Amino acid sequence: MTKGEETRQFIIEKAAPIFNTKGIAATSMSDIMEATKLSKGSMYVHFENKDVLACAAVDHNMKILSSKLETQLRLGKSAKEQLFAYIDFFSNPINPPVIGGCPLLNFGTEADDTNPVVKEKVNNAIKRGQQLLSAIIEKGITDKEFNPNWNGAEFATVLFAMLEGGHLMSRMSGNNDNMKTIEETLKKMISEKLI
């Protein structure tokens with residue numbers, strides 16, 4: 001990387017947890033300047049405006065989430081183990097894998113009516129998550145691990161929605177009790193589809 005690219009990446013890495021914690025609207029360039037110890041002029045050399053930086057921070061947060069999730073999924077040998085690993089990965093919203101909580105939930109909720117670019121980024125990430133889950137189920141069906149009549153796409157939607165809802169409930173209550181209930185329910189549903 002060139003010096004400029006290194007500085008740009010440094011800014012993104014410092015800004016990403018701030019945007020994910022405070023939100024795009026509530027994060028100011030002053031917040032980023034304080035975290036990076038860079039001047040306003042330096043910031044605007046690398047980013048045209050706050051929206052451009054926010055989009056880069058959204059991408060960075062989602063890349064971190066995806067990378068950590070992939071590492072977790074590799075621990076599962078069977079489709080069932082991979083689905084359980086996926087659930088386990090998201091089972092502790094009070095201490096989430098990304099600083100500030102789930103970036104999909106955080107940025108998606110904020111961008112719903114305010115930022116079509118971020119909304120599209122989150123929507124695409126959700127679709128990728130559902131496709132990943134559906135592919136794991138389809139592999140389990142092919143490997144004769146799961147019932148062949150199981151609709152993987154439908155269950156992927158249910159699993160994804162339940163985990164995101166559990167994340168919100170846990171963050172609001174300040175404990176993981178609701179997520180534990182969701183985790184147990186999802187794992188039971190998966191186990192019922194085993195052959």
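This is a short tutorial dialogue on reading salt bridges and pockets in a predicted model.

Student: What should I know before I start?

Tutor: Residues are numbered from 1 along each chain as its sequence is written. The model is predicted, with local features needing pLDDT of at least 70, side-chain atom pairs counting only at pLDDT 80 or more, and totals for chains, interfaces and linings using all residues, while side-chain values use heavy atoms and leave out hydrogens and water.

Student: How many salt bridges are there by the rule?

Tutor: The rule asks for a side-chain nitrogen of Lys or Arg within 4 Å of a carboxyl oxygen of Asp or Glu. Here that gives 6 salt bridges. One of them joins lysine 187 to aspartate 88, at 2.6 Å from N to O. This pair links distant parts of the chain, 99 residues apart: lysine 187 sits in helix H9 (residues 177-191) and aspartate 88 in helix H5 (residues 79-89). Helices are DSSP runs of H or I, at least four residues, numbered from the N terminus.

Student: Is lysine 187 buried or exposed?

Tutor: Buried means under 20% relative accessible area, exposed over 50%, and partly exposed in between, with a 1.4 Å probe and protein chains only. Lysine 187 has 18%, so it's buried. Its partner aspartate 88, at 31%, is partly exposed. Asp88 and Lys187 also belong to a salt-bridge network with Glu183.

Student: Which residue does lysine 139 pair with?

Tutor: Aspartate 143, at 2.6 Å from N to O. Lysine 139 is partly exposed at 46%, and aspartate 143 is partly exposed at 43%.

Student: What is the volume of the largest pocket?

Tutor: On a 1 Å grid over the protein atoms alone, a pocket is an open set of points where a 1.4 Å probe fits, with protein on both sides within 12 Å along at least five of seven lines; lining residues have an atom within 4 Å of a point. The largest pocket holds about 330 Å³. Of its 14 lining residues, Ser66, Leu69, Ala125, Arg128 and Gly129 are the closest to its centre. Helix H4 (50-73) and helix H7 (116-142) each give two or more residues to this lining, and H4 gives the most, with 6.

Student: Where does the second largest pocket get its lining?

Tutor: That pocket has about 180 Å³ of space. Among its 13 lining residues, those closest to the centre are Gly100, Leu105, Asn106, Leu168 and Met172. Helix H1 (3-22), helix H6 (103-111) and helix H8 (152-173) each supply two or more residues.

How values were computed. Grid points are joined across faces, edges and corners, and a volume is the space filled by probe spheres set on the points.
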